[in-house]
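These are my notebook entries on one chain. I looked up strands, helices and their packing in turn.

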Amino acid sequence: MAALQSYLQIDGLTKSFGDLVLFENISLGISEGDRVGLIARNGSGKTTLLNIIAGKEGYDEGSIVFRNDLRTDYLSQDPEFPPHVTVAQVCGDNAEMVHILTRLKVTDLDQPVAQLSGGQRKRLALARVLTDKPQFLMLDEPTNHLDLDMVEWLEDYLQHTRTTLLMVTHDRYFLDHVCNRIVELADKTLYTYKGNYAYYLEKRQERISAQNVLVERANNLLRTELDWMRRQPQARGHKSRSRIEAFYELEERARRRHEQQAVRLQMKSSYIGNKIFEAHHVSKIFPSRTPGEPEKIILRDYNYTFARYEKLGIVGANGVRKSTYLKMLLGQVQPDSGHFDVGETVRFGYYSQEGLQFDEQKKVIDIVRDIAEYVQMSDGSRLSATQFLQNFLFSPEKQYSYVYKLSGGERRRLYLCTILMRSPNFLILDEPTNDLDIVTLNVLEDYLQNFGGCVIVVSHDRYFMDKVVDHLLVFRGEGELQDYPGNYSDWREWKQLKDQEAAEQASGTTVVTAPANVKVKTPKAPRLSFKEKQEFAALEEELPLLEAQKQELETLMSSGTLTGPEIVEKGKLMQQLIEQIDEKEMRWLELSEKA
């Protein structure tokens with residue numbers, strides 16, 4: 001078998017902005033057939049790295065070498081087109097591009113590109129790079145501005161193409177299904193994993209565990225060295241210079257914690273009563289804008305009673321006005337007939353696409369302080385604005401940066417921060433996952449799963465929807481809505497079966513259904529009984545206390561102050577404590593799955 005050709009070789013690449021070093025002395029090789037997913041925290045330099053490779057941005061040191069005559073292309077986050085051209089002029093005589101645009105719901109070929117929305121321009125650029133047939137293609141957030149059907153179409157398209165890929169995306173199912181290598185940009189360097197996203201998660205945890213062992217060793221050595229430094233004032237001047245320098249190196253190593261920094265979103269939510277909202281015979285129709293164009297039916301005689309602690313996901317194609325539904329619930333858009341009746345205790349927190357507006361000349365810390373100097377946490381404690389922002393991964397330096405210096409993902413994280421700190425009890429999130437890094441997504445998902453209130457979320461992120469919602473409201477167009485009891489993957493599987501049955505019936509073939517004695521599993525939204533809710537609440541209070549006891553006992557046993565018999569006694573107590581924690585954690589997991 002012939003060896004695969006090297007397409008790209010990066011060596012010793014360094015990029016900084018003033019004192020901020022994004023990455024330093026990094027190297028990466030990409031060969032024919034590689035499908036590389038680039039993962040990093042917001043602000044770490046993912047887009048900058050792609051721009052550098054694409055030749056759109058400079059760098060400080062290093063080399064970037066492509067194979068001679070390699071055909072490359074690049075889909076940027078915000079594609080640009082020449083002014084005064086139409087969609088048809090961008091397409092030229094490329095019939096395949098027109099076909100792909102139809103799949104991506106860009107259908108007016110005579111429309112000037114300048115009149116397209118940002119999402120339509122991104123889809124136009126996507127169709128162009130796909131049909132240019134490059135050998136090596138770079139994609140920056142290709143799933144943004146795509147609805148769920150488009151995302152799955154693109155996933156299938158890329159799985160069946162021979163194009164070598166380097167992409168930045170936060171869509172974890174997309175990474176898992178398309179990529180065969182994951183590269184993580186962290187600590188100003190690159191870590192490479194040969195496998196898909198699931199493999200990356202496993203191997204990354206192994207790497208972090210190994211690094212934490214080294215950090216712990218460094219901490220132990222640091223304690224020894226610190227003691228020596230304090231006891232040897234005269235020795236610092238001459239022959240112990242090398243040991244003093246080693247001490248400062250060790251101090252730096254010990255300071256670097258490789259445990260995953262988490263955004264702790266444990267804000268206190270306001271009390272919410274039994275009545276949330278009711279929709280009574282709500283209808284909404286947008287009239288046609290031009291002669292011959294059909295009217296747009298959003299809702300038709302819609303009735304619904306929203307339950308306490310409900311977590312609803314809304315899905316549907318672009319253009320079915322999912323956001324309009326949210327705005328009617330919030331009272332920002334009035335229905336043509338009928339009404340929404342919202343409970344008195346409901347306190348909305350609304351994350352919208354239009355709401356991402358800040359004073360560019362303000363500092364991050366001032367944005368938060370304008371809302372509150374202190375934030376109440378769920379455990380009763382209070383955090384200052386500075387402490388609160390640190391929990392959102394805004395370092396002290398970043399807090400005093402101006403908003404205009406923030407990356408797109410950092411702006412979204414700040415926006416999310418300003419919403420949650422107001423202690424809402426009903427979160428309405430309209431496409432919250434765009435541009436958020438996977439770390440922030442993981443913590444946001446965990447927060448929403450345990451949120452003591454109601455949630456409605458519109459998102460094209462299938463992974464996010466699967467983890468967060470317990471049922472779906474599917475907008476099918478023309479005012480037709482379907483309430484499905486399950487997550488996105490459940491619904492997608494059900495829909496594929498229904499589509500298959502419809503196709504078989506249309507073609508006259510026999511439809512194979514489950515035998516009468518076989519129960520077809522229908523996803524249900526599990527509910528906790530009153531007694532189980534009490535047990536679940538008690539476990540959430542007990543487990544932190546038990547963990548604290550375990551930590552205290554570990555500290556005592558490693559202090560060197562216990563006698564032999566005392567160590568044996570404490571060891572037995574430790575074993576009992578571990579067994580108790582394991583048992584309660586297992587029960588907590590069972591109840592949390594039901595909840």
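How many bridges join strand β3 to β8, and in which sense do the two run, parallel or antiparallel? I find five bridges joining β3 (residues 35–40) to β8, and the two strands run parallel.

**Entry 1: basis.** I am working on a predicted model, in which local features need pLDDT of at least 70, side-chain atom pairs count only at pLDDT 80 or more, and totals for chains, interfaces and linings use all residues. Residues are numbered from 1 along each chain as its sequence is written, and side-chain values use heavy atoms, with hydrogens and water left out. Helices (H or I, at least four residues) and strands (E, at least two) are DSSP runs numbered from the N terminus. Two strands count as paired if DSSP finds at least two bridges between them.

**Entry 2: the chain.** I counted 18 helices and 20 strands in the chain. Of its 595 residues, 45% are buried (buried is under 20% relative accessible area, exposed over 50%, partly exposed in between, with a 1.4 Å probe and protein chains only). Among contacts (heavy atoms within 4.5 Å) with a separation of 6 or more, 69% link residues 24 or more positions apart.

**Entry 3: β8 and its sheet.** I placed β8 in an open sheet of six strands with the order β5-β6-β7-β3-β8-β9 and mixed pairing. β5 (72–75) and β9 are the edge strands, each with a single partner, so one side of each has no neighbour in the sheet. From one strand to the next the twist averages 15° (angles run from 0 to 180 degrees between N-to-C directions, and axes are lines fitted to C-alpha atoms, for helices over the stretch in contact).

On the β3 side, I noted Val36 opposite Arg181 in β8, and Ala40 has Leu185 of β8 as its bridge partner. Helix α4 packs on this sheet, where it touches β5 and β6 (136–140), and its direction makes about 165° with that of β5.

On its other side, β8 pairs with β9 (residues 189–193) in the antiparallel sense over five bridges. Ile182 stands opposite Tyr193 in β9. The two strands form a hairpin with two residues between them, and Asp187 in the turn has a positive phi of about 55°.

I then asked how many residues of β8 are buried. Six of the six residues of β8 (residues 181–186) are buried. Arg181, Val183 and Leu185 lie on one side, and Ile182, Glu184 and Ala186 on the other; both faces are covered.

**Entry 4: helix α1.** Seven of the eight residues of α1 (residues 46–53) are buried, so the helix is largely enclosed by the rest of the structure. I list them as Lys46, Thr48, Leu49, Leu50, Asn51, Ile52 and Ile53. Gly55, just after α1, takes a positive phi of about 80°.

**Entry 5: α3 and its two partners.** Two packed helices are described by the angle between their axes and the distance between the axes. For α3 (residues 95–103) and α4 (residues 118–131) I read an angle of about 140° and axes 9 Å apart. The two are therefore oblique to each other (under 35 degrees counts as roughly parallel, over 145 as roughly antiparallel, 65 to 115 as roughly perpendicular, and the rest as oblique).

Which residues make this contact? Glu96, Met97, Ile100 and Leu101 of α3 meet Arg123, Leu124, Ala127, Arg128, Leu130 and Thr131 of α4. By class, the contact of α3 with α4 has six nonpolar, one polar and three charged residues (Ala, Val, Leu, Ile, Met, Phe, Trp, Tyr, Cys and Pro count as nonpolar, Asp, Glu, Lys and Arg as charged, and the others, Gly among them, as polar).

I next looked at α3 with α5 (residues 148–159), where the angle is about 140° and the axes are 10 Å apart. That makes α3 oblique to α5. Glu96, Ile100 and Arg103 of α3 contact Met150, Trp153 and Tyr157 of α5. The residues of this contact divide into four nonpolar, no polar and two charged.

**Entry 6: another sheet.** I found an open sheet of six strands in the order β14-β17-β18-β12-β19-β20, with mixed pairing. β14 (348–351) and β20 (481–484) stand at the edges, each with a single partner strand, so one side of each lacks a neighbour in the sheet. Within the sheet, β12 (residues 311–316) and β18 (residues 454–458) pair in the parallel sense over four bridges. Gly313 has Val457 in β18 as its bridge partner. Helix α16 (residues 488–507) packs on the sheet and touches β12, β19 (471–475) and β20; its direction makes about 115° with that of β20.
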